[in-house]
Amino acid sequence: MKLKNILIVVNDIERSRRYYHDLFGLDVILDNGGNMILTEGLVLQDREIWKSFLCKDVIPENNASELYFEESDIEAFAEKLERLYPDTVYVNRLMTHSWGQKVIRFYDPDGNLIEVGTPM
């Protein structure tokens, strides 16, 4: 068995497609209308479709999981994030952990937690 994809729930699938392309360079592999597979295994799922599958509410900013990306030039990434998405809600702006890794944590427009860190 192997893990194939990570699915996140989004309100506006086209807005999220642009967001993940703009910031992380992810491209569409398959668009099933309400379910979109991007490169690197990220799947965007329309919120209403997901709610109908689970029969439960979706809770944004629940801090139960995060998407983790690595970026060598994290200062340039932080500048790009601020320039392209100035309304970003941050958990922490660019910081350096005691072990030397630089990280930034923030929410995507739908409240999914993202961390970008320098390679270890």
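Biologist: Which residue stands opposite M95 in strand 7?
Modeller: Bear in mind this is a predicted model. Strand 6 covers residues 89-96 and strand 7 covers 102-107, and the two pair in the antiparallel sense over 5 bridges. Across from M95, the residue in strand 7 is V103.

Biologist: And in the hairpin of strand 6 and strand 7, which residue takes a positive phi?
Modeller: There are 5 residues between the strands of that hairpin. With phi near 100 degrees, the one you want is G100.

Biologist: What is the bridge partner of I104 in strand 8?
Modeller: Strand 7 also pairs with strand 8, residues 113-117, in the antiparallel sense, again through 5 bridges. On strand 8, I104 is matched with V116.

Biologist: Zooming out, in what order do the 4 strands of the open sheet come?
Modeller: The pairing in this sheet is mixed. Reading across the 4 strands of the open sheet, you get 5-8-7-6.

Biologist: Then which are the edge strands?
Modeller: Look for strands that pair on one side only. That fits strand 5, residues 67-70, and also strand 6. As for the twist, from one strand to the next it averages 15 degrees. So to your question, the edge strands are strand 5 and strand 6.

Biologist: Which helix lies across strand 6, strand 7 and strand 8?
Modeller: Helix 1 (residues 13-24) lies across strand 5, strand 7 and strand 8, at about 10 degrees to strand 8. The helix you're after spans residues 74-84 and runs at about 20 degrees to strand 7. That's helix 3.

Note on methods:
Residues are numbered from 1 along each chain as its sequence is written. This is a predicted model: local features need pLDDT of at least 70, side-chain atom pairs count only at pLDDT 80 or more; totals for chains, interfaces and linings use all residues. Side-chain values use heavy atoms; hydrogens and water are left out. Two strands pair if DSSP finds at least two bridges between them. Axes are lines fitted to C-alpha atoms, for helices over the stretch in contact, and angles run from 0 to 180 degrees between N-to-C directions. Contact means heavy atoms within 4.5 Å.
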